[in-house]
Amino acid sequence: MNAVASLSGELPQEEQARVDADEAYHRLVARLSHQSVVKHFDAYADVPWDDPAYAIDAADPRFALSAADALGSTAWYQAQPAPTQARIGLHMIATFARIGWQFESVLKRGLLEFALRLPEGAPEFRYVYHEVIEEAQHSLMFHEFVQRTGLPTKPPAILGVGDRVVVGFGRRFPELFFFFVLSGEDPIDYRQREMLQSGKPLHPLIERMSRIHVTEEARHIAFARHYLRRTVPKLGAFKMTVLRLRTAITMRIAAGMMSRPSDHVVRTYNIPKEVLREAYGPGSPGATYVKRALFKPRELAWELGVLNARWTPLWKRLGIYAERGQMQ
Ligand SMILES: [Fe+2]
Ligand SMILES: [Fe+2]
C-alpha cells in the first residue's frame with residue numbers, strides 16, 4: 001500500500017477494484033440464494049401429473065418433430081406414418097430427460113464435493129445447497145415423466161464413463177467442474193428455450209417442465225459463469241492447459257448427446273445411416289445446431305482465454321468452433 005493511500009485510509013486503486021469485485025460477487029451469490037427461496041418448484045406439488053390434459057399418448061401429434069428439426073427435416077422422417085413420427089419425437093424427449101437426470105446426478109455429487117472444500121462461512125455454501133435441492137427436484141420431475149411415457153430409455157454409454165472423476169473435480173479442480181456444468185446445462189437450456197419460443201403447439205406437460213427448468217437453470221448458469229469469471233484468471237499455465245483441452249472435449253460430447261437421437265432410439269426405429277448423415281453429418285442442420293447450442297459457453301471460453309487462436313484447430317476438429325460473437 002502506498003504511503004498516501006495508507007495515511008488517508010484509502011486502498012490503492014488495484015486493491016479497491018478487487019474489494020469491489022468481491023463485494024459484487026458476494027451480492028450476486030446472496031441474490032441467487034434469495035431467489036431460490038422465493039421462486040422455486042416442487043416436482044409433485046407444481047406439476048399436475050394426474051390432470052387428464054397432462055396424460056401422455058405416444059401418438060399425440062404435438063410430440064412430432066417439426067421441419068425445423070435436423071431429423072424432422074429429412075424425407076425419411078416425413079415419410080413415416082404420423083403415429084411413428086410422434087413416437088420418435090416423444091422417445092427423443094424421454095431420452096433427453098433421462099440424460100438430464102443422469103447429468104444432474106453427477107452435478108449434485110460434484111456440488112457437494114465443492115461445498116466440502118469451501119472455507120467456513122463462505123456464501124457459496126448456502127447457494128450450492130439450494131442448487132443441489134433444485135437439481136434433485138428436476139431429477140424427480142424428469143424421472144416421473146420418463147415413467148409416464150412408458151418408453152424404455154437408454155442413455156449414451158459415455159455418460160457412465162468417468163462420472164466419478166468429474167465429481168472429484170468439484171473439490172480438486174472446480175474451474176473444470178463448472179465448465180463441465182455449463183457444457184451440460186447450456187445445451188439443455190438452449191433446447192428448452194427454443195421449444196418454448198418456437199410457437200409450435202406444445203404438450204402441456206412438456207411446456208410446464210420446460211418452464212420450471214428454464215427458470216431455475218438461469219440461476220445455476222449465472223452462478224457457474226460468475227464463479228468462472230472470478231477464478232479462471234488466477235489459474236497457472238498447467239491448469240489452464242488442462243482446462244482448455246478438457247473443456248473442448250466435454251462441450252463436444254455434451255452438446256452431441258442433447259442434439260441427436262441416442263443409439264437406442266436409432267436402433268428402435270431403424271433410422272438409416274444415410275439419414276443420420278444427412279441430419280447430423282458435416283455441414284448438416286444438426287452440425288449447425290450443436291454450434292448454436294454452445295454459443296454461450298463458447299463465448300465465455302473466448303472471454304476467459306479457454307479458447308484462443310492456438311486452440312482453434314481442436315475446436316474446429318470437434319465441430320464446435322465459431323468465431324467470437326458468431327453462431328448465436
Ligand atoms: Fe436441472
Ligand atoms: Fe442446473
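**Two buried iron donors**

Trainee: What is the relative accessible area of His213?
Mentor: This is a predicted model, where local features need pLDDT of at least 70, side-chain atom pairs count only at pLDDT 80 or more, and totals for chains, interfaces and linings use all residues. Residues are numbered from 1 along each chain as written, chains are lettered from A and ligands numbered from 1 in written order, and side-chain values use heavy atoms, without hydrogens and water. His213 counts as buried (under 20% relative accessible area; exposed is over 50%, partly exposed in between; 1.4 Å probe, protein chains only). Its value is 2%.

Trainee: Which residues coordinate the iron ion (ligand 1)?
Mentor: Look for donors (N, O and S atoms within 2.8 Å of the metal, or 3.2 Å for Na, K and Ca; water is left out, so sites may look incomplete). Here they sit at 2.1 to 2.3 Å. Three give OE, one gives ND1 and one gives NE2. They are Glu104 (OE), Glu135 (OE), Glu217 (OE), His138 (ND1) and His213 (NE2).

Trainee: How many residues apart are Glu104 and His213?
Mentor: Both residues coordinate the iron ion (ligand 1). The pair links distant parts of the chain, with Glu104 in helix H4 and His213 in helix H8 (helices are DSSP runs of H or I, at least four residues, numbered from the N terminus). They lie 109 residues apart.

Trainee: Is Glu104 buried or exposed?
Mentor: Check its relative accessible area, which is 2%. That makes Glu104 buried.

Trainee: Which residue bridges the iron ion (ligand 1) and the iron ion (ligand 2)?
Mentor: The two ions lie 3.7 Å apart. The bridging residue is Glu135.

Technical notes. Helices (H or I, at least four residues) and strands (E, at least two) are DSSP runs, numbered from the N terminus.
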